[in-house]
Amino acid sequence: MVALVLLQLVLLVVAARLFFDLPLSLVGALWLLLFTLLGLLTFMGAGFALACVIKTEALMVDVINAVTTPLVLLSEIFFSAAELPGPLPALAAALPSTQMVRLIRAVILHGVTAPGPLLPGLAVLAGWALV
């Protein structure tokens with residue numbers, strides 16, 4: 001599983017560099033590797049926890065949909081969490097998927113490689129990995 005995800009990361013970064021002229025430094029690539037490994041650990045842990053709790057295959061599909069839909073819709077993949085009503089922006093900021101999106105955007109789109117701006121997102125992601 002880890003090898004497959006790392007291979008996908010390498011292929012995507014190489015394709016983005018070749019076809020879209022992605023300005024990614026070696027430090028940026030190392031940050032992406034760290035985000036990928038920490039995200040993989042976080043989401044694999046969540047998957048194992050769900051697998052331990054859910055006893056039937058029929059229920060598994062429903063639970064997976066109930067968990068992944070909010071993760072995707074609130075994670076800033078499609079729109080900013082600031083546009084969400086009420087307490088949803090704070091909820092979205094606490095999700096690991098939102099932090100992954102924010103961290104990857106900071107490195108790829110904004111060229112952030114200094115640890116300072118990235119540490120809060122890494123802390124949230126590491127917290128989820130520990131849980």
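Helices here are DSSP runs of at least four residues, numbered from the N terminus. The model is a predicted one, and two of its pockets, plus one serine, are worth a look.

Start with the second largest pocket, which has a volume of about 370 Å³. It is lined by 16 residues, and Thr 42, Phe 43, Ala 46, Gly 47 and Val 67 sit closest to its centre. At least two lining residues come from each of H2, H3 and helix H6 (115-130). H2 chips in with the largest share, seven residues. As for chemistry, the lining of this second largest pocket splits into 12 nonpolar and four polar residues, with no charged ones.

The largest pocket comes in at about 650 Å³. Its lining takes in 23 residues, with Val 5, Leu 12, Thr 36, Met 100 and Ile 104 nearest the centre. Two or more of the lining residues come from each of helix H1 (2-20), helix H2 (26-53), helix H3 (57-73) and helix H5 (96-108). Charged residues are missing from the lining of the largest pocket, which holds 17 nonpolar and six polar ones.

Then there is Ser 75, found in the loop between H3 and helix H4 (88-94). With a relative accessible area of 0%, Ser 75 counts as buried, because that label applies to anything under 20%. A polar atom of the Ser 75 side chain lies 3.2 Å from the backbone oxygen of Leu 71. Setting aside neighbours within four places in sequence, Ser 75 is in contact with Pro 70, Ser 97, Thr 98 and Val 101.

Key: Residues numbered from 1 in each chain as written. Predicted model: local features only at pLDDT ≥ 70, side-chain atom pairs only at ≥ 80, totals over all residues. Heavy atoms only, no water. 1 Å grid on protein atoms, 1.4 Å probe; cavity = no way out; pocket = protein on both sides within 12 Å on 5 of 7 lines; lining within 4 Å. Points joined across faces, edges and corners; volume = space filled by probe spheres on them. Nonpolar A, V, L, I, M, F, W, Y, C, P; charged D, E, K, R; others polar. Buried < 20%, exposed > 50% of the residue type's maximum accessible area, 1.4 Å probe, protein only. Polar contact = N/O pair within 3.5 Å; in protein donor to acceptor, adjacent residues only side chain to side chain. Contact = heavy atoms within 4.5 Å.
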